[in-house]
Amino acid sequence: MLLLNFYYVQDKRSESDQNRQYRGTWTQALLQNAAFPILIPLFFLFPSPKQKTEPVSSDPPPFLRVLSLYVSLGVLVSVHSKLYALAKLYVGWGILVSTQLILTSLFSAFINRLKFNRWIIVSITFTLAADFFGSPAFSGAPDEDESYTYGIKAWLILIFPTLAFSLSLSLMQLGFEKVLVKTKRYGDKKVFRMVLEMQIVVSFIATLICLVGLFASGEFKELKGDSVRFKKGEGYYGLSLVGLAISWQVWAVGLLGLVLLVSGVFADVVHMCASPVVALLVVLAFDFKDDEFGWQRRGALLGSVLALASYSYSLYKTKKKDVAELNKRELNNSEA
């Protein structure tokens, strides 16, 4: 968020006419995926558990199942990247991520069969409130006098990227549990190497799609003009793009890791609970008009802490219940 604000401030986006204000979205979509090569050394650095040999089965080969999963996710991520880059310029940041959490919860309930207890519901409620009151300022958002942009087109641009993002989280969780673990490519356990593999392959496919969009739309011709128009100069323009690309990969790996270890809903909750902290950093780093860390954002920061505490307590209770049931089964087996 800090780098996005820096980019749009230096790009003089607020001084642009409406036609140019919403350009450059294929470039931003490409940046969200293009830095995946930095993860390849980490992939080989982490040890790979021994694969278990399985008897010959009539099911589709594991390679085809994994490839189908990654291609589907790559298409979804490319759609999300493009429309997300456009939606944040039309409707801003806060409403975008709030809608994502609601849809992620719905998809998780139907696709991943996630059981919602009262602590998870409390956590989601606190998270939505924290994001509503504590979302950071974004220099690429439309001005208040641009209310005409909030038409049907803007709301469609809001719905489709949030659908793609939420669906991709649920499918990633499903892929970890039903494909990568069941094919026993890394044994019977969930390992961090799965996260790196999924992120590298999915980002590679999404990058190819975004490159096609960049050249097919003719947007690549605008890159030279963007670099010349950058207030800090072409050097800082290049550094900001590199920084954005790397930070997107770090964010994605962290998000995928939470999906692997817990669930897509928990990953989205953690992602959104960072909003008040990011808002504080934006206030300290930029001098936006009427942007301050007031009592609403301080309350949002407290709400984020309560949201994380509620979800963590839910995970603790679930773990405690599972351990008690396991001990009971072991006791019954020993008595038998």
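These legends describe close-up views of a predicted model.

**View 1. The largest nonpolar core draws on several helices.**
This core holds 31 residues. Tyr70, Met172, Phe176, Leu180, Met194 and Met198 touch the most other members. Helix H5 (62–90), helix H8 (152–180), helix H9 (192–216) and helix H11 (234–261) each supply at least two residues. H9 gives the largest share, with eight residues. Apart from this core lies another, of 20 residues. Tyr8, Tyr84, Leu241 and Leu244 are among its members.

**View 2. Phe176 and its contacts in the largest nonpolar core.**
Residues up to four places away in sequence are not counted here. Phe176 then touches Val181, Met194, Val195 and Met198. Phe176 also touches Leu256, Val259 and Leu260. Two of these partners, Met194 and Met198, join Phe176 on the list of core residues that touch the most other members.

**View 3. A nonpolar patch lies on the surface.**
The patch covers about 570 Å². Its residues are Phe63, Leu64, Leu67, Val71, Val75, Val79 and Ile209. Helix H5 provides the largest share, six residues. Val71 is found in H5. Val71 counts as partly exposed because its relative accessibility is 36%, between the limits of 20% and 50%.

**View 4. Ser78 is a buried residue of helix H5.**
Ser78 has 4% relative accessibility, so Ser78 counts as buried; the cut-off is under 20%. Neighbours within four places in sequence are left aside. Ser78 is then in contact with Ala206, Ile209 and Cys210. Of these, Ile209 is also one of the residues of the nonpolar surface patch.

**View 5. A salt bridge joins Lys224 and Glu234.**
The count for the model comes to two salt bridges. In this one, the closest N and O atoms are 3.6 Å apart. Lys224 sits in helix H10 (residues 223–229), and Glu234 in helix H11. The two residues are 10 residues apart, and the pair links distant parts of the chain. Lys224 is exposed, with a relative accessible area of 55%. Glu234 is partly exposed, at 43%.

**View 6. Asp226 and Arg229 meet in a salt bridge within helix H10.**
The N to O distance is 2.3 Å. Asp226 and Arg229 are three residues apart in H10, so about one helical turn separates them. Asp226 is buried, with a relative accessible area of 8%. Arg229 counts as partly exposed, at 22% relative accessibility. Side chains of opposite charge can pair when their charged atoms come close.

Notes
Residues numbered from 1 in each chain as written. Predicted model: local features only at pLDDT ≥ 70, side-chain atom pairs only at ≥ 80, totals over all residues. Heavy atoms only, no water. Core = buried A, V, L, I, M, F, W, Y, C linked by side-chain atoms within 4.5 Å. Buried < 20%, exposed > 50% of the residue type's maximum accessible area, 1.4 Å probe, protein only. Helix = DSSP H or I, 4+ residues; strand = E, 2+ residues; numbered from the N terminus. Contact = heavy atoms within 4.5 Å. Patch = residues over 30% accessible without salt bridge, like charges linked within 9 Å, V, L, I, M, F, W, Y side chains within 5 Å. Areas by Shrake-Rupley, 256 points an atom, 1.4 Å probe, with all protein chains shown as cover. Salt bridge = Lys/Arg side-chain N within 4 Å of Asp/Glu carboxyl O.
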